[in-house]
Amino acid sequence: MTIAHDDRPRLPADPSLISLTYHHEHPLQAFEFDDTLEIWTVTARIDADAAAEELLAHSDADQETLDAIQDVTVGRMSFARVRMYGPDDPFEAMDSHSQDLCRIGETVLDVASGQWHPACEDVLAHPAGDLLVMDRVILEPDWRGLGLGPVLAGAAIRRLSNGCAAVACEPGSADGREMTEDQHREAAAKLGRVWSTIGFEPFRDGVYLLDCHLQRPQDLLTERQQEFTALCTAWRKARSLP
């Protein structure tokens, strides 16, 4: 993936200050599918204190200016980790959560057995481990169009996919816009190309898979991170920052 250099400085804040916060909550005493399905929310943001420290380091900003700085929300992501080896049926757990997870479950799992679908086993290098579903990746409008989605999603997947055999997603618009059927297809195709830049491959029925046991996704993420570093450097140069 390449990013036009002229577009890099237009971001509203220093992208190098972005951090990811992970949130998962569960009761100590498991209820229904709590031990089988984990829902993770990942927030990408720039912390106000970090932004204030950065401003103070490179300017003579007064305290009133520093106090006025607020957190900047960059985007949010949601993931579902499906534990394939108990205690509950993985597909039933996915079906109980949402239609989106149900559709992905019907595609990558054998519904009758609750195990990997034979077609999925055929394409995975080592079909043993849990399933991670990338459910939503939504960037705020000011942060779109510069390749941040893949690097943010790839970073989150790297931390959430330990012990997983694959990551699944169903590319499509997730920001609530009204779209025609043709627009949905176009958006899905475009997003499929976007997610391929971190290792997702078309599987079937609109679902894409990332094989956690291959080196290629790691190499692609390294490339996206290098592009992100170039984006940060360009932003700072445009503002004459070191």
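## Pairing in the sheet

Two strands are taken to pair if DSSP finds at least two bridges between them, and in this predicted model strands β3 and β6 meet that condition with eight bridges in the antiparallel sense. One of the residue pairs that join them is Phe 79 with its bridge partner Met 134 in β6. On the other hand, β6 and β7 pair in the parallel sense, over four bridges, and here Leu 132 has Val 167 in β7 as its bridge partner. Strand β2, residues 37–46, runs antiparallel to β3, residues 72–82, and 10 bridges join the two; Glu 38 stands opposite Arg 81 in β3.

These pairings belong to an open sheet of seven strands, with mixed pairing and the order β1-β2-β3-β6-β7-β9-β8. Because β1 (18–23) and β8 (201–204) stand at the edges with a single partner strand each, one side of each is left without a neighbour in the sheet. On average, neighbouring strands of this sheet are turned by 30° against each other, with direction ignored.

## Enclosure of β6 and the helix across the sheet

Strand β6 is largely enclosed by the rest of the structure, because seven of its 10 residues are buried. Helix α6, residues 148–160, lies across β1, β2, β3, β6 (130–139) and β7 (164–169), and runs at about 40° to β3.

## The surroundings of Ser 161

Ser 161 lies in the loop between α6 and β7. With a relative accessibility of 13%, Ser 161 counts as buried, because the cut-off for that class is under 20%. A polar atom of the Ser 161 side chain lies 2.6 Å from the backbone oxygen of Ile 157.

When its neighbours within four places in sequence are left aside, Ser 161 is in contact with Arg 81, Leu 132, Val 167 and Cys 212. Several of these residues have already appeared in the account of the sheet: Arg 81 in β3 is the residue opposite Glu 38, while Leu 132 and Val 167 are bridge partners.

## The segment after α8

Arg 239 is found in the segment after α8, the helix of residues 216–238. At 35% relative accessibility, Arg 239 counts as partly exposed. Although Arg 239 and Asp 14 are 225 residues apart in sequence, their C-alpha atoms are 9.9 Å apart in space.

## The protein as a whole

The protein contains eight helices and nine strands, and 39% of its 242 residues are buried. Of the contacts with a separation of 6 or more, 76% are between residues 24 or more positions apart. The protein exposes about 13200 Å², of which carbon and sulfur atoms supply 48%.

## Confidence in the model

The average pLDDT is 87, and 84% of the residues score at least 70. Among the elements of the protein, β7 has the highest mean pLDDT, at 98, and helix α2 (residues 63–67) the lowest, at 58. Over residues 1–9 the pLDDT is below 50, and this stretch has 20 contacts in the model beyond near neighbours in sequence. Where pLDDT is low, the predicted coordinates should not be read in detail.

Terms used
Residues numbered from 1 in each chain as written. Predicted model: local features only at pLDDT ≥ 70, side-chain atom pairs only at ≥ 80, totals over all residues. Heavy atoms only, no water. Axes fitted to C-alpha atoms, helices over the stretch in contact; angles between N-to-C directions. Contact = heavy atoms within 4.5 Å. Buried < 20%, exposed > 50% of the residue type's maximum accessible area, 1.4 Å probe, protein only. Polar contact = N/O pair within 3.5 Å; in protein donor to acceptor, adjacent residues only side chain to side chain. Areas by Shrake-Rupley, 256 points an atom, 1.4 Å probe, with all protein chains shown as cover. pLDDT = per-residue confidence, 0-100.
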